[in-house]
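Got your viewer open? Load the model and follow along, one selection at a time.

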Amino acid sequence: MNEEWLKFKKYPHIGIPLTSQKDKSWLKSYISNPENIANHKFVPLMHRTLSQRKYRPLENAPKNDSGKRKRTVSDKKERHIYFSSHLDSIIYSYYSHLLTKTYEEYLEDKPYGSVAVAYRKIPIGNGKSGNKSNIEFAFEAFEFIEKNKHRKLSIIVADVTSFFDNLDHRILHRQWKRILGTTNLPDDHYTIFKNLVDNKYVNENELFKRFQHKLIVERFKPNDTSHKILKRKKVSKIYNMRHENVVAFCDKDEFFEEATDLIRVDKPYKRDVRKKLDKKEKKGIPQGTPISATLANIYMLDFDERIYSEVDSNSKEAYYQRYSDDLIIICAQKDEKHFYNLIQKEIEIEANLEIQPKKTNIYRYELTENSVFKGGIVKDETINSNKQLEYLGFMYDGSKVKVKTAGFSKFYRTMKRSFRRGAHFAKKAHIPSDSLFETRLYKRFTHLGSKRRLKWLQDENSPKGYSPSKHFDWGNFISYLNKANYVMKEINKDDTIIQQYSKVWNKFHKIKKSIYQELNIVK
C-alpha cells in the first residue's frame, strides 16, 4: 500500500496526537477497511480565523519623492480555516489519495487534463527532477505571452469568490460519482461527503476556555530526557500553548461528555425546509482538511472541459490555466469580450459560483510604434500602465517578471515580528541569555538559511560530537526567490528577482540593531 498519505502531525486538537511508532499498524488496517469508515464517528472540526492586514496603494494614489505610490491601510482579509482531529485528518488524507489517483486516471486521455494545475504532482520534465510549483505554472503563462508578442493580447485573470465556502453540494456529489464511475457513492465515500457538507465545528478559542485548566501537555520524565509523558496543566493564555508544549485540548471521550454544547452546525440540512424557513441554501466544504483541495479540482471538471474546448479552437489561439480558484486566459484582444462572458456564464450558471469583481481584471498588451511590448490594466476602456499583470504571486510588465511587492512586505513584517518575539523572551528573568536567538533568525530570514541541508544533532558517542538526523532544513523565502529567479531567467535574461532582494541583508541588520538598542545591549 502506498503510504504517502500517512502523515503524523502534532497540532493541539481533540484527542492525543498519533505516532508512527505506536499507531501506524492499526491505522493502516482500520482506514483501509471501507466498512470501518462507513461507520466512523468523526470529531467536529476546529475553526480558526486567520486575518491579514492589507497595506497597499490605491489605483490613483499619489507618488512620493522616490516615485512609489503611497500606501493605504485597508480592511483586514479574513480566512476561515478548519482543522481535523488527528485520526480524521489521516482518514481524509487516505481518501484524498484514492480520489487523486482516480482523478488523474480520468484525465489521462482528456485533452484538458493539464489545465488544472493546483494540488497536483506534475513533473517538471526536460530531464529535471521534482514537480512543478506555482513558479513553473506562472512561467508557462508568461512564456505564452512572450511567444505571442507580435499579436494584440488581452489577459483575463479571474478569482472565484469564497471558492470553498460556496461549492454546490449537488454538483460536488455528481462529480464525485463521475470520477469513481458509479451511479451511487459507496457507503464509505458517502460518509466522508456527508461529514464535509454538514461541517460541524468548534471554535478554537471556546475550546481553549473550556479546557484551559486541564490541557494535555508533553513533558520529559523527571531526570530522564529520553522519555516523555503526558500531564495535565493549566495555561492562562492561548498564545502560550506552543511554549507550554500543549498536545491536546482534551481526549475524545472527555469532549463528548463535557463540551458537546460547543459544537456549531448550520441546521436544517434539507433544501426545501431551509427555503420555507427563508434560509439560504447550504453550500460549501471546509477549507483546510486534507481532502478539500482534491474535491475542488473534481468539482471544476465541467468548467475546465468547456473553457478548454473554446480556448483550443483553431480560430482562437488562446491559453487557459486554472490554479485552484485563480484562472487566467490569454487571447487576442478581439476575443476578449467572448472569453470574459464565457467565464462569467460558466462560473455563475454552470458551476453555481460567483466571480469576485475586485479580483477579476483585464490587461491589454501590444507592440508600440517603437516595437516595445507595453500595456496594463483596463479600467473604463482605458489602459493604466501603473497596474501591470499579476498572477500567482508574480508581476509581468511586458518585458520582465518580478515577485509581487506584497510578498516582500509580508516577509519584512514577519521578520520584524520574529525579532520582537526574540526581544520579548530575552527580557524574561528565567532566560539566562540576553541574545535574540540569532542563529534561528539568520536561518529563517537571510541567504545563510536558504540552502537545503541535512540537520545534525549533538551526539556524545560520535567522534565529531554530532551525528546526522533524518530531518532537513528546507530553506526559506530566499530559497523561493532563488528558484523563481532561475526559472524566470529565460524571460528576464538577467537576475531581476535576485536584485529584488538585494536589500534584505541590510534591512535584517538594521532591525537587529534597533532591537538591541531597545534592550540596551551593545553588539
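How many helices and strands does the protein have? Colour by secondary structure and you're looking at 17 helices and 20 strands. Keep in mind that this is a predicted model.

Start with everything selected. The radius of gyration is 26 Å, close to the 24 Å that the globule rule gives for 523 residues, so the protein is as compact as a globular protein of that length. Along the principal axes, the C-alpha trace spans about 80 × 70 × 50 Å. Switch on the surface: its accessible area comes to about 30,000 Å², and carbon and sulfur atoms own 48% of that. As for what's underneath, 44% of the 523 residues count as buried. If you like contact maps, take the contacts between residues at least 6 apart in sequence: 68% of them join residues at least 24 apart.

Now zoom in on a sheet. Select 389–391 for β16, 394–396 for β17 and 401–403 for β18. Together they make an open sheet of 3 strands, ordered β16-β17-β18, with antiparallel pairing. The edges belong to β16 and β18; each has a single partner strand, so one side of each is left without a neighbour in the sheet. Look along the sheet and you'll see a twist averaging 30 degrees from one strand to the next.

Go closer, to where β16 meets β17: 3 bridges join this antiparallel pair. Pick Glu390 and you'll find its bridge partner in β17, Met395.

Last stop: select 134–147, which is helix α4. This helix packs on the sheet and touches β16, β17 and β18. Compare directions, and α4 makes about 10 degrees with β17.

Methods. Residues are numbered from 1 along each chain as its sequence is written. This is a predicted model: local features need pLDDT of at least 70, side-chain atom pairs count only at pLDDT 80 or more; totals for chains, interfaces and linings use all residues. Side-chain values use heavy atoms; hydrogens and water are left out. Two strands pair if DSSP finds at least two bridges between them. Helices (H or I, at least four residues) and strands (E, at least two) are DSSP runs, numbered from the N terminus. Axes are lines fitted to C-alpha atoms, for helices over the stretch in contact, and angles run from 0 to 180 degrees between N-to-C directions. Contact means heavy atoms within 4.5 Å. The radius of gyration is taken over C-alpha atoms; the globule rule is 2.2 Å times the number of residues to the power 0.38. Buried means under 20% relative accessible area, exposed over 50%, partly exposed in between (1.4 Å probe, protein chains only). Accessible areas come from the Shrake-Rupley method with a 1.4 Å probe; for residues, only the protein chains shown count as cover.
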